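This note is addressed to a colleague who is meeting the structure for the first time. The points below take up selected features in turn.

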Amino acid sequence: MPDISITLPDGSSRPVAAGTTVGGLAESIGRGLAKAAVIGVVNGVERDLAHPLEDGDEVAIVTKTDERGLFTIRHSTAHVLAQAVLDLFPGATFGIGPVIEDGFYYDFQLPAGADGKPATFAPEDLPRIEARMREIIAETQPFVRVDIDNDRAREVFADHPFKLEIIDGEAEDPTSVTEKGIARTYENPPSTPKERPPFRGYPGFIDLCRGPHVPDTKAHLGHFALTRIAGAYWRGDESKPQLQRIYGTAWASKADLDAHRERLEQAALRDHRKLGAELDLFSFPDEIGSGLAVFHPKGGLVRKLMEDYSRRRHEAGGYEFVYTPHITKGALFEESGHLDWFADGMFPPIHFDDEGGPEGTDYYVKPMNCPFHILIFRSRQRSYRELPLRMFEFGGVYRYEKSGVIHGLTRVRGMTQDDAHIFCAREDMAEELSSLLDFVLGLLRDYGLDDFYLELSTRGEAEKFAGTEEEWAEATAALEVAAGTSGLELVPDPGGAAFYGPKISVQARDAIGRTWQLSTIQVDLQLPQRFGLEYVGSDGARHRPVMIHRALFGSVERFFGVLLEHYAGAFPTWLSPVQVRVLPVRNDHMAYADRIADRLRAEGFRADVVDATEKLGNRIRKAKGEKLPYVLVVGDDDVEHGTVGVNARGGEVERGVSIDEFEQRLRVEVLAQTGGR
RNA sequence: GCCCGAGUAGCUCAGUCGGCAGAGCAUCUCACUCGUAAUGAGAAGGUCAAGGGUUCGAUUCCCUUCUCGGGCUCCA
């Protein structure tokens, strides 16, 4: 056999026998590499290990520790899931099964049950399906790439309408599985033919797929778990049939799978809903209604501290505080346009027959604050000398969120926006946006979040958007400049803007790397026009101001939930509802303990005392459970010398610290956390 | 709103194949007064989410509603 020459990623050439495959190349380089190999990248295109090489090919071997290798493992596991479901549920058909973060899913439709509707999976089905998947893996079925023409593909998939839709519908899609009338498929030939082959003319399982795949089901697969069942609309479209989705997680090794499970457990421990109940911070009484929170004394204290600090910073930042009512006549939201677009998302009106003429009057609970702030702006003639005019309000708003979307404090029906509206001259917009973004990021950092990236949502192509193209371009450019000044990564989100203007949203990564969308800064090209806003310029002429909407926390409730998860309930000292707990060793130390607590309270710290009814160890344990920053233990030695025993959260126990020194440490710590503000 | 699952003491959960409702923690009382992550004893605590149906009898089976959880869709 004549040799051919292959170029490796390091630029070196390697002679191999003609007909050598990607897998064969890996084998020739080393046993270890061959064992870890999942796929190859040949001339920039991902290929199966069975792909034959040609002279001059540039080849990189992708192993199971590479991101693309893991992707392939997850993708191939999804195929095994589909095969297992089709084996166990005769008459089932399938949609798509992509890779997602940490795993994969596959969508199925089961045959109709007694009620004529497609059947659904039950939780008990998951172990059965998983067991069947392990059998398939143990069979070592190869993944065989088969290119067949579309007509043949339509025959093979004749009983699978979703696949037919893919064959027919995606011809123009460059990432399509069909190209020039040829459909790419992957077949898993079984060791023995299926009892009920679900495909016409194939003894086993076959799926439309671009690939590539692991070479066979035994290779790299097996470190997976099916995790949940859900309904999901075909092609994500609410008007299309709802399929049954099975989610799974898959990894390159058992250790990785175990580590993933551990991460989930850790995340569950910091779930703000769980911590909110455990730490007695807030609750959602059924009697009030879904998505409507009450804050208990400790949660209320944390929230007050958050709000107080925000108020101080806004005051210093040139904001003026306004207050507006929770309800309004419908006319206001007609003028703003909200009733046209978002009536579904609002609580239904409160109707009065005996007011406003024969039709009566409808009052609405407000879903947003901006129209009220606009009325304040419009309450009298405005001069350019007043601009930029920055109005701030902790505004309570109510939105009738769909019942299925409500989630703890992060998605509620009643919330308090830390809402500001800035009215400025068009020529000042860019500068205002830059300083605004700076202000926003600075404040978020003070609350302990410091890992951000930005998202720039811009106008889409085909949709209808308010304002002119020129205005959009100008506003978008101003936002880009502001983002550039921040030095943060900027992720484009084309078409993601609201109809009324482009926006920047600040995404924050929390202590365990999850991202949360927090602040938004939004340019509004619509409302100033709808409300006919004007100011008198230095030229004596009337001009239309630019309006910027901006929420920093998003909502106080949501931000509270995010911080709670970020800190896993262990708030920094400045935000802790109880900062110091003093524990007398015996009750005859009570007077001394009370004196220390009184002194700390007199200095503005939050301290309490728990008497010696219970053993010290148990009282310490309870204080740790409450995640208090400091526990002070005082006994005979301390009473004698004017000291305390300091047990700091996450620190070592220190005996004999003078009360002056402890107080000084506490003061320094809180000052450092709030920047002295 | 849609699909699946779950609601038993304040919390975490047993249990009842249809026949008087259970534990641990928390709470309260009493005793213990102890130097760094669970002292002991006792008491109290429930319309078994709500409403309807089947039944001699329903917390248990069926239906409806409410709430919660996981997804989908949505999020001005």
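1. Two strands are taken to pair if DSSP finds at least two bridges between them. The structure is a predicted model, and the points that follow should be read in that light. On this basis strand β23 (residues 451-458) and strand β25 are antiparallel and are joined by seven bridges. Within this pairing, F452 stands opposite A508 in β25.

2. Strand β25 also pairs with strand β26 (residues 515-524); here too the sense is antiparallel, and the bridges number six. In this pairing Q507 faces Q517 of β26. The strands β25 and β26 form a hairpin with five residues between them, and G513 in this hairpin has a positive phi near 85°.

3. Why may strand β25 be called largely enclosed by the rest of the structure? The strand covers residues 503-509, and six of its seven residues are buried, so the description is justified. As general background, the side chains of a regular strand alternate between the two faces of the sheet.

4. The next matter is the packing of two helices. A packed pair is described by the angle between the helix axes and by the distance between them. For helix α17 (residues 590-602) and helix α20 (residues 659-674), the axes come within 12 Å and cross at roughly 35°. The crossing of α17 with α20 is right-handed.

5. Which residues make the contact between α17 and α20? From α17 the participants are I596, R599 and L600, and they meet I659, D660, F662, E663 and L666 of α20. By character, the residues of this contact comprise five nonpolar and three charged ones, with no polar residue.

6. On the cysteines, a disulfide is a covalent bond between the sulfur atoms of two cysteines. The count of disulfides in this model is zero. For C424, the closest cysteine sulfur belongs to C370 and lies 16 Å away, which is too far for a bond; the cut-off for a disulfide is 2.5 Å. C424 is buried, with a relative accessibility of 0%. C209 is likewise buried, at a relative accessible area of 5%.

7. Some backbone details deserve a check against the general expectation that most peptide bonds are trans and that most residues other than glycine have a negative phi. The peptide bond between G211 and P212 is cis, with omega about -5°. P212 belongs to the loop between β12 (205-208) and β13 (224-233). A cis peptide bond also leads from L387 to P388, where omega is near -10°. The loop that holds P388 lies between α12 (370-378) and β21 (389-398).

8. Positive phi values are found at residues that are not glycine. H220 is one of them, with a phi of about 75°, and H220 lies in the loop between β12 and β13. N43 is another, with a phi of about 50°; its place is the loop between β3 (37-42) and β4 (45-47).

9. Are these two residues, H220 and N43, buried or exposed? H220 counts as buried because its relative accessibility is 13%, under the 20% limit. N43 is partly exposed, since its relative accessible area is 47%, which falls between the limits of 20% and 50%.

Terms used: Residues are numbered from 1 along each chain as its sequence is written. Chains are lettered from A and ligands numbered from 1 in the order in which they are written. This is a predicted model: local features need pLDDT of at least 70, side-chain atom pairs count only at pLDDT 80 or more; totals for chains, interfaces and linings use all residues. Side-chain values use heavy atoms; hydrogens and water are left out. Buried means under 20% relative accessible area, exposed over 50%, partly exposed in between (1.4 Å probe, protein chains only). Axes are lines fitted to C-alpha atoms, for helices over the stretch in contact, and angles run from 0 to 180 degrees between N-to-C directions. Helices (H or I, at least four residues) and strands (E, at least two) are DSSP runs, numbered from the N terminus. A crossing is left-handed if the near helix is turned anticlockwise from the far one by less than a right angle, and right-handed if clockwise. Contact means heavy atoms within 4.5 Å. Ala, Val, Leu, Ile, Met, Phe, Trp, Tyr, Cys and Pro count as nonpolar, Asp, Glu, Lys and Arg as charged, and the others, Gly among them, as polar.
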